[in-house]
Structure formats: structure tokens, C-alpha cells
Amino acid sequence: MRYVSHDSPLKNRRAVSQIMGSIVILGIVSSVGSVILLNGMNSISAFTYDLSFHEKSKNEIHREDIIFEHVRFEPGTDDLILNLANIGTVDSTITNITILKIDSQEIIANWIDVEESILTKDNHQILLDGSNIDLPVGSQIWDDDYYYYVNGNPSNSVAKYKISLTTVKGNFFTTIASPFNT
């Protein structure tokens, strides 16, 4: 037994246990992650602070939203009724309306000044009558073949009109409609 070593090979090993290794890695990851998180939160806070100095009306531009609920071409007349709804988060004031016959590119109404306000979560009706709308061809009513059909030909499809409105804040809203819901 003289040549038997008293030092066991297991006692000379030095290693970190798996649990201790996991705790060390967790500490490193959490400290680096918290630094990144705090830096991101500070950047978001600084951005929000900078936005508070911008002009209020410029911030409201992006919160304005108007939809066309219904477009009615009054039969037997040259009147047009627009039913609009303000689904945005700020009040809107419509300044101009333009109507274009798509197939012929004829301008039916060019930058009509209306100055109509629509409150938030409210709807509003705008009547455009003969003094605003120019139907110079035929009988000058929406029932006329020229305004009802593409190129005025009954064998063609129904004509479409692009109706656009502009608000005080500079936003532009558009829809396409056909006479008599066809």
C-alpha cells in the first residue's frame, strides 16, 4: 500500500457546478437587459417630451378621419346629398368638395367651398345643388343617359364619380359612387 496515493483524483478537480453557472449567467443577462430596457424607456420618454412642443394642429392632422356613409344622387334633379361621419378623435371642418366623372374625366364640381363642421363621433349631411354642380350636357339631371352610363351609352356600364373633400387641417378624403346605388 505504499505506492497508493492518498490524494483522490476527485478532490483535485475544480469546477463550477451547473447551478452556480446558471446563476452567474442569469446575473449577467439580467444586468445587461436592465441597462438596455432603461435606455429604451428613457428614449421613449424623450421622444414623447419632444412631441409636446409641436404645434397642436399638426398633431391633430393624423387624428382626423371622415367616412362617406352614403352618397345620394337625387333623381330628376342635379342635386347630390353626401352623408358623412366623423370617426376620428378631433372635430373636422370640410372646406372644399370636388366631383369628377371618371370615364370622361369631366369635372362636375370644382373646389366647391362648403365650410361644414362635423363634430367627433357625429354625422352630417351636405347638400350640393344646381348652383354648385355643373351638368351642362343633355337634360342636366342625374337621370340623363350621359350622366348615368359610361360615355352616355345605355349598353355600357353605369358611370362612376370620384367625390373628394378637403378639410381645414389639409386632409383629403375620397370615395367613388355610382348614381342610384347601382
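**Note on the predicted model: charged pairs, a buried aspartate and a nonpolar patch**

1. Asp-103 and Lys-101 form a salt bridge, with their closest N and O atoms 3.9 Å apart. The model is a predicted one, and this distance falls inside the 4 Å limit that defines a salt bridge. The two partners differ in burial: Asp-103 is partly exposed, at 28% relative accessible area, whereas Lys-101 is buried, at 0%.

2. The count of salt bridges in the model is 2. Arg-72 and Glu-74 also form a salt bridge, and here the closest N and O atoms are 2.7 Å apart. Arg-72 is partly exposed, with a relative accessible area of 38%.

3. Asp-79 deserves separate attention. This residue sits in the loop that links strand E1 (66–73) to strand E2 (80–86). Asp-79 is buried but has no salt bridge. Which side chain of opposite charge is nearest to Asp-79? That side chain is Arg-72, at 9.4 Å; Arg-72 has a salt bridge with Glu-74.

4. The surroundings of Asp-79 can be listed in full. Apart from neighbours within four places in sequence, Asp-79 contacts Arg-72, Phe-73 and Glu-74, together with Leu-127, Leu-128, Asp-129, Gly-130 and Trp-142. Both members of the salt bridge between Arg-72 and Glu-74 are thus in contact with Asp-79.

5. On the surface, Val-24, Ile-25, Ile-28, Val-29, Val-32 and Ile-36 make a nonpolar patch of about 570 Å². One of these residues, Ile-25, belongs to helix H1 (residues 18–51). Ile-25 counts as exposed because its relative accessible area is 52%, and the cut-off for that class is over 50%.

6. Near the end of the listed elements comes a hairpin. Strand E6 (residues 161–167) and strand E7 (residues 172–177) run antiparallel and are joined by 6 bridges. Lys-162 has Ile-176 in E7 as its bridge partner. The hairpin has 4 residues between its strands, and Gly-170 adopts a positive phi near 95°.

7. As to the chain overall, the model has 3 helices and 7 strands, in the order α-α-β-β-β-β-β-α-β-β from the N terminus. Of its 182 residues, 30% count as buried. The exposed area is about 12200 Å², of which carbon and sulfur atoms supply 56%. Among contacts with a separation of 6 or more, 58% are between residues 24 or more positions apart.

Terms used. Residues are numbered from 1 along each chain as its sequence is written. This is a predicted model: local features need pLDDT of at least 70, side-chain atom pairs count only at pLDDT 80 or more; totals for chains, interfaces and linings use all residues. Side-chain values use heavy atoms; hydrogens and water are left out. Two strands pair if DSSP finds at least two bridges between them. Helices (H or I, at least four residues) and strands (E, at least two) are DSSP runs, numbered from the N terminus. Buried means under 20% relative accessible area, exposed over 50%, partly exposed in between (1.4 Å probe, protein chains only). Contact means heavy atoms within 4.5 Å. Accessible areas come from the Shrake-Rupley method with a 1.4 Å probe; for residues, only the protein chains shown count as cover. Lys and Arg count as positive and Asp and Glu as negative; His and the chain ends are not counted. Patches are made of residues with over 30% relative accessible area and no salt bridge: like charges are joined within 9 Å, nonpolar side chains (Val, Leu, Ile, Met, Phe, Trp, Tyr) within 5 Å.
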